[in-house]
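Colleague: I am new to this, so please give me a close look at a single part of the model. I would like to hear about the place where the chains meet, told step by step.

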Protein chains: 2
Amino acid sequence: MDKTIYLDNAATTFPKPETVYKKMDETNRNGCVNAGRGGYHLARQATALIDDTKKRIIELVSLVDSSKVVFTPSVTIAMNQILQGIPWKTGDVLYVTPFEHNAVARTAALCSKKYGIEIVEIPLDINTLSIDIEMLKMMFIQKQPRCICINHVSNVLGTIQPYEEIATEAKRYNAITILDAAQSLGLIDIDLNRSNIDFLAFAGHKTLYGPFGVGGFIINSETELMEVIVGGTGSDSLKLDMPKQIPGRYESSSPNIVAIAGLNEALKWRKDVTDVLEKEQNLTKYLIAKLAEIPEVKVYLPENLENHVGIVSFNVQGYKSEDIGMILDMDFGIAVRTGYHCAPYIHKWIKDEEYAGTVRVSVSYFNTMRDIDEFIEAVNSILDDK
Amino acid sequence: MDKTIYLDNAATTFPKPETVYKKMDETNRNGCVNAGRGGYHLARQATALIDDTKKRIIELVSLVDSSKVVFTPSVTIAMNQILQGIPWKTGDVLYVTPFEHNAVARTAALCSKKYGIEIVEIPLDINTLSIDIEMLKMMFIQKQPRCICINHVSNVLGTIQPYEEIATEAKRYNAITILDAAQSLGLIDIDLNRSNIDFLAFAGHKTLYGPFGVGGFIINSETELMEVIVGGTGSDSLKLDMPKQIPGRYESSSPNIVAIAGLNEALKWRKDVTDVLEKEQNLTKYLIAKLAEIPEVKVYLPENLENHVGIVSFNVQGYKSEDIGMILDMDFGIAVRTGYHCAPYIHKWIKDEEYAGTVRVSVSYFNTMRDIDEFIEAVNSILDDK
């Protein structure tokens with residue numbers, strides 16, 4: 001096999017911009033020290049790089065105070081710190097959307113077991129696959145939200161959720177609002193000034209085009225989170241509580257300066273390259289149009305394709321999703337993901353049980369129309385061989 | 001300044017072997033995908049690389065079952081997962097050594113707040129700075145241990161603790177035994193067959209000479225840990241509990257394949273280079289001998305230098321530790337760490353309050369006698385200038 005056609009960008013964007021690779025290698029070789037712990041110049045350089053990266057993250061959401069950015073090793077850990085960090089009381093209600101990833105769903109379930117909170121799933125409009133806002137309002141009246149976790153872009157369907165509208169409804173009850181922007185930050189404009197979002201969680205290695213090893217959350221709220229993960233911070237070392245100061249309070253352990261350096265370059269790249277969303281949308285529309293021409297293919301899409309980006313789930317009549325993935329890999333060198341995609345709630349809505357999940361194609365800025373053509377040709381070949 | 005003389009290897013070893021850099025860059029460029037989630041060949045390659053790395057880790061402690069290795073983003077997270085994961089009962093007693101890092105000490109304090117357990121610090125023999133085993137035995141009789149956390153190598157003093165002896169005592173009470181090998185795995189032989197250690201936590205980026213972004217723990221016990229950090233595992237996605245299977249149960253979120261690839265190369269390097277300990281010991285002995293020649297310098301060392309490696313803490317009469325660090329950096333380009341080193345308990349034993357901690361010099365395989373000479377010359381210059 002000559003080359004993989006990589007269409008699993010919702011798992012992690014690959015490749016990254018060339019400058020990301022270069023900067024990571026350079027940092028590895030010249031500056032891979034423990035920021036914030038040593039006072040020597042390499043450590044101060046590392047600290048400055050972290051600060052600059054946070055500044056670039058906070059600018060993405062139109063805020064200015066970069067001390068409100070917390071870096072964690074992954075968005076999963078960010079979600080654990082946020083959700084497990086909320087000062088829950090027994091009987092509190094946590095609303096979630098049907099699009100949540102297990103970073104949210106399993107963490108919510110753990111909070112339920114630990115703190116006796118109730119998890120309530122917001123319903124979809126089954127015809128449009130969009131959040132049923134009227135139903136949501138009714139549910140909030142009947143059972144007031146203490147907190148809501150809103151998936152921004154579904155990692156299964158690519159649907160974009162109207163988080164501002166949902167958060168505004170939740171804020172009528174002073175609920176804590178959390179946005180899971182793992183599949184959106186950097187790709188879709190988010191303005192935290194005009195939205196009622198308290199915490200936004202992000203992954204460095206997906207739509208931000210950075211490396212594995214850095215994610216985090218943005219704090220847009222006065223809510224103080226309880227200690228979830230604790231350890232050394234290089235500050236107040238004699239105290240057994242985490243320091244009060246934000247973001248240090250939520251950042252234990254040595255920062256991964258190599259990953260952060262890569263993210264920094266990705267953010268610079270992102271600032272220069274202004275057509276990422278446009279290119280991904282064009283690829284996605286082309287993909288959808290081509291899949292629509294194949295009668296045996298069932299595509300799972302929202303009614304309104306304006307609220308959709310980058311990720312398309314489908315199945316082929318007569319095949320388990322996994323089988324399609326395997327043939328695409330073995331016979332055509334095409335990498336897609338199949339199955340349930342770590343998203344436990346959505347499958348009852350799209351009714352994909354007979355296929356054991358979906359085949360998911362997800363594009364990035366670095367894919368081409370040719371990639372989509374080859375993918376479509378491959379699907380047609382599978383059907384021709386049947 | 002031409003070049004930094006880096007003597008902060010206890011924070012993170014720097015540089016790493018050249019092959020670590022090369023492999024990380026290559027993996028970034030050619031194989032940076034989500035292992036264990038996709039079934040395509042790049043993902044399978046990534047999974048195979050993780051398995052091989054775990055095999056190399058487990059061999060280091062003379063075990064064979066690599067499924068008993070859990071990768072986490074850092075040793076801090078490993079310690080949180082272990083300590084917070086123990087099924088504590090109110091009133092349980094957790095023993096700790098005076099050498100613990102805040103990855104242990106703060107996590108223990110959090111467990112105390114959450115579960116009502118008691119934290120008891122094992123005393124030192126003040127003359128030798130070694131664990132007072134006879135006193136420990138007495139304490140165990142009076143207050144039985146439910147668990148003990150044993151620091152292997154102190155990140156402040158470089159002392160090597162007799163963990164086998166301590167664990168054997170703790171096992172008389174069926175206590176859970178945890179070894180913090182952040183400053184030792186890869187450097188000092190550890191045989192988990194002949195020791196009574198249930199969990200061993202390690203950092204990839206310190207004595208293993210790997211990169212930031214991967215640490216973990218080795219399970220040598222049937223004790224099942226409670227869920228601490230949860231999320232997607234790429235398996236059993238429809239279930240809201242973490243899967244039962246080890247190690248997946250403890251490994252949520254996308255694995256950092258680039259960091260793991262670097263660790264893999266570090267482990268290969270480590271296998272070929274057999275004189276790491278010897279070289280670090282020689283550098284350390286030379287450093288100690290040279291510091292002993294300076295009357296104004298107070299060094300904090302154990303009585304028996306056989307139980308010591310790589311890390312030397314000292315102070316200079318009339319200077320705060322931080323000031324020495326700053327002058328070494330600014331005037332001599334020498335990187336050391338100063339202060340309390342994220343270790344809250346030890347300072348009352350070494351009585352370094354007047355210096356606000358210690359100046360810590362820590363060597364790696366890549367330091368030279370010349371580095372030590374330049375460092376000693378710098379300390380002498382500071383004193384000459386006084």
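Modeller: Let us begin with a term that will come up often: a residue is buried if its relative accessible area is under 20%, exposed if it is over 50%, and partly exposed in between (1.4 Å probe, protein chains only). What you see is a predicted model, in which local features need pLDDT of at least 70, side-chain atom pairs count only at pLDDT 80 or more, and totals for chains, interfaces and linings use all residues. Residues are numbered from 1 along each chain as its sequence is written, chains are lettered from A and ligands numbered from 1 in the order in which they are written, and side-chain values use heavy atoms, without hydrogens and water.

Here is the contact as a whole. Chain A brings 81 residues to it and chain B brings 81 residues too, where contact means heavy atoms within 4.5 Å. Together, chain B and chain A bury about 6,200 Å² between them; this is the accessible area (1.4 Å probe) lost on putting the two parts together, summed over both. Carbon and sulfur atoms account for 58% of that buried area.

How are the two copies related? Chain B can be laid on chain A by turning it 180 degrees, with a shift of 0.0 Å along the axis and an RMSD of 0.0 Å. That is why we can speak of a two-fold axis. The fit is by least squares on the C-alpha atoms of residues with pLDDT of at least 70 in both copies. The copies meet through the same surface, because 100% of the interface residues of chain B are interface residues in chain A as well.

Next come the charged pairs. Side chains of opposite charge can pair when their charged atoms come close. We call it a salt bridge when a side-chain nitrogen of Lys or Arg is within 4 Å of a carboxyl oxygen of Asp or Glu. Over all chains the count is 46 salt bridges, and between chain B and chain A it is eight. One of those between the chains links A:Asp241 with B:Lys113, whose closest N and O atoms are 2.5 Å apart.

Which helices of chain B help to build its side of the contact? At least two residues each come from helix 1 (18-30), helix 2 (41-60), helix 3 (75-83), helix 4 (102-115) and helix 9 (321-332). Helices (H or I, at least four residues) and strands (E, at least two) are DSSP runs, numbered from the N terminus. Helix 4 of chain B gives the largest share of the side that touches chain A, with 10 residues.

Now look at a salt bridge that starts from chain A. The side chains of A:Lys113 and B:Asp241 meet at 2.5 Å, N to O. This pair crosses from helix 4 of chain A, which holds A:Lys113, to the loop between strand 10 (215-219) and helix 7 (257-272) of chain B, which holds B:Asp241. A:Lys113 counts as partly exposed, at 47% relative accessibility, and B:Asp241 is partly exposed too, at 44%.

Stay in helix 4 of chain A and find A:Asn102. Is it buried or exposed? With 0% relative accessibility, A:Asn102 counts as buried. Setting aside neighbours within four places in sequence, A:Asn102 touches A:Thr107, A:Cys342 and A:Pro344 in its own chain. Across in chain B, A:Asn102 touches B:Gly231, B:Gly232, B:Ser237, B:Lys239 and B:Leu240.

For comparison, some salt bridges stay within one chain. A:Arg56 pairs with A:Asp52, with the closest N and O atoms 2.9 Å apart. Both residues are in helix 2 (residues 41-60) of chain A, and their spacing of four residues is about one turn of the helix. A:Asp52 counts as partly exposed, at 24% relative accessibility. In chain B, B:Arg370 forms a salt bridge with B:Glu377 at 3.9 Å between the closest N and O atoms. B:Arg370 is partly exposed with 46% relative accessible area, and B:Glu377 counts as partly exposed at 44%. Finally, back between the chains, salt bridges that share partners tie A:Glu18, B:Asp25 and B:Arg29 into one network.
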